[in-house]
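Please open the model in your viewer and keep a selection panel at hand, since the tour moves from the whole chain to single residues. Each stop names what to select and then describes what is found there.

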Amino acid sequence: MVAPMSEHPTEASGPPQPMHPLHIVEIPSSVPMVTLLGPRDELLRTLERAFPDVQIHVRGNEFRMTGPSADVALVERTIDALLEVLAAGQALNRDAVERSIAMLRAQTSERPADVLTLNIVSNRGRTIRPKTLNQKRYVDAIDAHTIVFGIGPAGTGKTYLAMAKAVAALQAKQVNRIILTRPAVEAGERLGFLPGTLNDKIDPYLRPLYDALHDMIDPESIPRLMAAGTIEVAPLAYMRGRTLNDAFIILDEAQNTSTEQMKMFLTRLGFGSKIVVTGDVTQVDLPGGTQSGLRVVQDILHGIGDVHFAYLTSADVVRHRLVGDIVDAYGRWDAAQPGRTGSGRTAGGRRRPQRD
């Protein structure tokens with residue numbers, strides 16, 4: 001932990017300025033300053049951008065700061081949080097600094113280190129972790145509940161984190177198999193015109209699941225696990241009539257299920273199994289007039305025990321920085337349309353039919 005060493009008034013120069021005390025925070029000598037400041041002081045610049053009213057200077061192993069007391073206190077808490085992340089063995093980057101600041105500003109009970117150092121699964125030197133507070137809460141909900149719905153825009157890690165939890169559960173022998181499924185929304189006559197076998201036709205719909213799987217399991221072992229039935233990747237239609245015991249089951253792109261398909265899927269749940277359903281209710285590809293099963297299920301299952309709805313937002317996007325801005329821009333546009341609120345409901349609260 002770090003603490004202010006001393007406080008001294010600063011000298012005013014130019015036009016009269018509010019007098020702010022000087023706060024000095026000393027970093028333990030065991031911490032190389034480059035790990036805290038970043039290459040070419042990139043992380044220091046990130047702090048400065050986040051707190052434009054605070055003057056931050058580094059001398060040796062000291063941070064010297066002047067500015068509004070509330071902002072300076074938050075900078076000090078941020079430095080403490082970053083030291084905790086470093087102490088846990090994780091390197092810092094600009095994203096970690098920005099997300100730590102956002103969590104501290106939100107005044108949540110969880111520490112940034114609790115979120116940024118939570119390891120889910122490791123493979124070939126790469127560790128998968130949540131990167132935002134909502135992502136951690138989503139991961140915690142998967143541990144605590146039998147059925148979890150992860151609902152949010154593209155890029156928020158809904159499917160990727162669910163896949164990581166599934167692989168971790170398989171490795172820990174909590175389940176005997178992983179089942180990954182998606183609706184093939186164009187599985188009617190349009191797929192029939194594509195060349196190849198049925199598997200060739202549905203493969204594009206399942207490819208994102210294969211891609212995530214390759215990040216978490218050695219690629220050479222995947223064919224063996226699939227041949228043994230330990231990992232199954234299949235379209236949603238293949239789930240009908242089955243009871244899935246001792247399995248970790250993920251339904252991806254669930255916004256493209258009908259109400260009937262969602263009911264069919266959820267009732268496949270067997271003993272010793274866990275279900276995670278992911279989707280983005282703002283990107284429904286169903287034919288006009290067909291209700292999204294993911295929208296409707298939020299009302300149907302509301303209040304049922306051991307069922308949890310986790311909501312992620314544009315603040316949880318972990319893709320390019322522009323993705324979050326794009327999500328917000330579309331949300332504002334959608335909310336501005338006549339009779340629409342951006343949440344799939346009419347202004348009167350009734351659910352609107354999904355347009356094609």
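Helices here are DSSP runs of H or I with at least four residues, and strands are E runs of at least two, both numbered from the N terminus. By that reckoning the chain, which is shown as a predicted model, has 13 helices and 12 strands.

**The whole chain**

Begin with everything selected and coloured by burial: of the 356 residues of the chain, 47% count as buried. Switching to a surface view, you are looking at about 18200 Å² of exposed area, of which carbon and sulfur atoms supply 52%. If you draw the contacts with a separation of 6 or more, 66% of them are accounted for by residues 24 or more positions apart.

**Helix α2**

Next select residues 42–50, the helix α2, and show the side chains of L43, L44, T46, L47 and A50, which are buried. Looking down the axis of α2, you should find these buried residues within an arc of 155°, so they line one face of the helix. To see what they pack against, add α1 (33–37), β3 (55–59), β4 (62–66), α3 (69–87) and α4 (94–105) to the selection.

**The nonpolar cores**

In soluble globular proteins, nonpolar side chains tend to be buried together. The largest nonpolar core in this chain has 35 residues, and those with the most contacts inside it are Y138, L180, L213, M216, I217, F248 and I250. Two or more residues each come from α6 (133–144), α7 (158–171), β8 (177–182), α9 (198–216), α10 (222–227), β9 (231–235) and β10 (247–251), and α7 gives the most, with 9 residues.

Centre the view on L180 and, setting aside residues up to four places away in sequence, look for its contacts with M163, L209, L213, E232, V233, A234 and I250. Apart from this core lies another, of 34 residues, which includes L47, L74, L82 and L133; L47 will be familiar as one of the buried residues of α2.

**S292**

Finally, select S292, in the loop between β11 (274–279) and α12 (293–300). Is S292 buried or exposed? Its relative accessibility is 2%, and because buried means under 20%, S292 counts as buried. Show Q255 as well, and you can trace the side chain of S292 to the backbone oxygen of Q255 at 2.8 Å. Beyond its neighbours within four places in sequence, S292 is in contact with A254, Q255, T257, V284 and L286.

Key: Residues numbered from 1 in each chain as written. Predicted model: local features only at pLDDT ≥ 70, side-chain atom pairs only at ≥ 80, totals over all residues. Heavy atoms only, no water. Buried < 20%, exposed > 50% of the residue type's maximum accessible area, 1.4 Å probe, protein only. Arc of directions from axis to C-beta. Contact = heavy atoms within 4.5 Å. Areas by Shrake-Rupley, 256 points an atom, 1.4 Å probe, with all protein chains shown as cover. Core = buried A, V, L, I, M, F, W, Y, C linked by side-chain atoms within 4.5 Å. Polar contact = N/O pair within 3.5 Å; in protein donor to acceptor, adjacent residues only side chain to side chain.
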